[in-house]
Amino acid sequence: MGTTPDLPTVDTNADVFIREETPADVEAIYQLNVAAFRTDAEARLVDSLRRSGGLILSLVAELEGEVVGHIGFSPVTITTTPPPTSTSTSISTSAPAPSLEETLGASDRIGVNVGVSAGVGLAPIAVSPTHQRRGIGASLIQAGLSHLRSRGDAPFCVVLGHADYYPRHGFLRASTFDIRWERPVPEDIFFVQELVPGGLGGVRGVHDFELFDESDSTMKQVRESDLRVKFKDLPETVQGGCHARVWLPETPPAELDVVIMYHGGGWTTGDDWNVPSPEVEYLNEKGIVVVAQQYRLAPHARFKEITQDITDGYEWVWAHLAQHVGASSVRGVAVTGWSAGAHLACLVASETIRLSLPKPKAVMVTYGLLDVNYPAYSLPIPEPDGDLVHRALEGMCETGVPHQPPEIVTPRVAWLQNQLRDATLLPYLYGDPAHPLPLPRTYNPIALLTPSFPPTFVLIASADKLLDPQQSRNFRDRLQELGVVVGSAEVPMEHGLADFAPDNDEMESMYRPWFEQGIGPGLDWVVQRLSE
């Protein structure tokens with residue numbers, strides 16, 4: 001791709017200019033995506049698209065000779081379906097658990113069934129962590145759309161992304177045009193924009209999703225959940241309540257063994273599809289039913305409401321899951337989670353003791369926040385936009401919000417950053433932002449431990465740069481002091497890398513030892529406890 005002199009050079013930083021990529025930029029683009037996403041998934045994705053001829057437009061933002069931003073566009077098609085019922089604007093939220101790239105933007109590697117209408121998809125978009133929140137991402141989007149309009153060969157552009165971000169750049173909900181993604185996603189995160197007048201005229205149907213070359217895929221597909229049920233009505237929330245997503249083994253037994261998974265995200269972001277597909281599939285292959293549950297999210301909800309939701313969800317599994325899947329009963333339940341979700345797995349286990357409910361047969365926690373009074377966050381947190389922080393409390397409470405790439409700082413993310421910078425997140429979630437340390441034992445996993453706590457497997461990520469792994473070791477040691485049955489493993493893994501699917505050969509080579517040394521033994525340990 002050659003340079004394009006007439007591309008816009010405007011930006012909030014006058015020294016930043018935007019141009020098409022050149023061969024000399026390839027390595028810089030790769031490293032930029034690695035830095036922006038803290039994984040090489042998107043970087044390898046861009047390389048794969050480039051090799052496949054699917055990177056039809058690739059722009060970089062340059063500052064003083066350094067590539068500080070990148071955006072890619074790829075071809076998509078929309079396959080027309082017969083009107084009217086098959087083009088319903090009602091998009092089901094019973095979606096499969098997307099991988100990291102699906103959440104960030106499905107169209108970034110769309111290859112595409114032959115369909116009636118061809119357009120482009122936006123993504124990935126990345127900005128250097130040291131240059132974010134300067135408007136570089138917005139300028140890349142506008143420059144890319146402007147260039148595509150000037151070429152005139154793409155009538156429309158689709159993107160999967162945050163509900164608050166993309167409408168600022170002229171995108172409308174795809175459901176407005178009776179267009180839906182092939183794999184069901186929430187209606188408010190799938191967008192489309194005309195690039196030429198009438199570009200969406202008569203376009204109705206399904207946006208097809210396929211990889212260019214299965215043999216060169218950077219994407220590990222996640223199968224659709226078998227069931228999604230609202231287990232708790234909450235009319236005051238955006239989603240109307242808390243939902244549970246269920247994955248069944250190929251031949252579900254009459255008596256169910258169940259693992260409930262709780263997603264991370266600082267109690268502020270995440271959804272019931274943000275659970276790791278390798279663990280779901282591994283457990284299904286061993287005959288275990290997997291359930292991922294939503295809970296109310298901060299800032300509208302605090303630990304009191306969140307604990308109520310996960311406890312209600314736990315009781316729902318015992319009382320109603322068997323009926324929903326045609327089984328006779330639930331034989332046993334285990335709980336597991338990552339980061340904030342690990343904290344919640346411990347809370348629900350403690351609640352079963354307090355409320356005299358059937359205890360989990362096992363608990364598995366991975367790089368969890370297990371001591372609210374331990375110095376928790378060690379990574380530098382960027383200063384958030386004050387206006388965004390204030391907007392976070394507007395509107396209704398959410399029970400599911402997809403994770404977003406670092407460049408997209410939503411009001412919710414800005415609020416979380418502000419709480420982390422001020423060290424007020426945990427006091428806020430307790431109900432009093434001004435409460436000094438130490439915080440009460442009420443929602444503190446390590447303080448709630450008793451000799452009757454369920455058998456627990458502690459997976460320690462020794463390379464965790466967000467939460468000090470020592471707190472996990474302390475948690476393990478306290479369990480052992482109390483005489484609780486304990487399993488443990490320590491692997492050289494960073495925070496957040498166990499709860500998504502490895503989606504390329506390099507990530508697979510890193511993930512496999514983690515799985516063999518820690519994740520897999522932990523799951524086997526849980527399965528053994530369920531069988532007892």
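What follows is a short dialogue on reading features of a predicted model.

Student: Before we start, what should I keep in mind about this model?

Tutor: It's predicted, so local features need pLDDT of at least 70 and side-chain atom pairs count only at pLDDT 80 or more, while totals for chains, interfaces and linings use all residues. Residues are numbered from 1 along each chain as its sequence is written, and side-chain values use heavy atoms, with hydrogens and water left out.

Student: Okay, strands. Which strands pair with β14, and in which sense?

Tutor: Helices (H or I, at least four residues) and strands (E, at least two) are DSSP runs, numbered from the N terminus. Two strands pair if DSSP finds at least two bridges between them. Here β12 (residues 255-262) runs parallel to β14, with eight bridges, and valine 259 has alanine 334 of β14 as its bridge partner. β14 is also parallel to β15 (residues 362-366), through five bridges, one pair being tryptophan 338 and threonine 366. Between β14 and β15 the chain passes through helix α7 (residues 340-354), making a right-handed β-α-β crossover. Right-handed means that, with the strands pointing away from the viewer, the path from the first strand over the helix to the second runs clockwise.

Student: How many residues of β14 are buried?

Tutor: Buried means under 20% relative accessible area, exposed over 50%, and partly exposed in between (1.4 Å probe, protein chains only). In β14 (residues 329-338), eight of ten residues are buried.

Student: And valine 365 in β15: buried or exposed?

Tutor: Valine 365 sits in β15 and counts as buried because its relative accessibility is 1%. Contact means heavy atoms within 4.5 Å. Leaving aside neighbours within four places in sequence, the contacts of valine 365 include Gly337, Cys346, Phe457 and Leu459. For a sense of the fold, valine 365 and alanine 340 are 25 residues apart in sequence, with their C-alpha atoms 9.8 Å apart.

Student: Which strands pair with β3?

Tutor: β3 (residues 66-79) is antiparallel to β2 (residues 57-63), with seven bridges, and alanine 61 stands opposite glycine 69. On β4 (residues 117-127), the pairing with β3 is antiparallel too, over nine bridges, and threonine 77 faces alanine 118 there. As for cover, eleven of the 14 residues in β3 are buried.

Student: Where do I look for unusual backbone angles?

Tutor: Most residues other than glycine have a negative phi, and most peptide bonds are trans. In this model, glutamate 64 has a positive phi near 50°; it belongs to the hairpin of β2 and β3, which has two residues between the strands. Glutamate 64 counts as exposed because its relative accessibility is 72%. Tryptophan 267 also has a positive phi, of about 60°, in the loop between β12 and α5 (277-285). Tryptophan 267 counts as buried because its relative accessibility is 1%.

Student: Which peptide bonds are cis?

Tutor: The bond from alanine 298 to proline 299 is cis, with omega near 10°, and proline 299 is in the loop between β13 (289-293) and α6 (303-325). Leucine 437 and proline 438 are joined by a cis bond as well, with omega about 0°.

Student: How many disulfides does the structure hold?

Tutor: A disulfide is a pair of cysteine sulfur atoms within 2.5 Å. The structure holds zero. Take cysteine 242: its closest cysteine sulfur, in cysteine 397, is 8.2 Å away, so that's too far for a bond. Cysteine 242 is buried, at 0% relative accessibility.

Student: Last one: which residues lie nearest the centre of the second largest pocket?

Tutor: Rolling a probe the size of a water molecule over the atoms shows where empty space is left. On a 1 Å grid over the protein atoms alone, a pocket is an open set of points where a 1.4 Å probe fits, with protein on both sides within 12 Å along at least five of seven lines; lining residues have an atom within 4 Å of a point. This pocket is lined by 30 residues, with Ala163, Asp188, Val238, Glu398 and Val401 nearest its centre. The elements giving two or more residues to the lining are β11 (241-247) and α9.

Student: What does α9 pack against?

Tutor: The buried residues of α9 (residues 411-421) pack against α8 (386-391) and α10 (425-430). Among those buried residues are Trp415 and Leu416.
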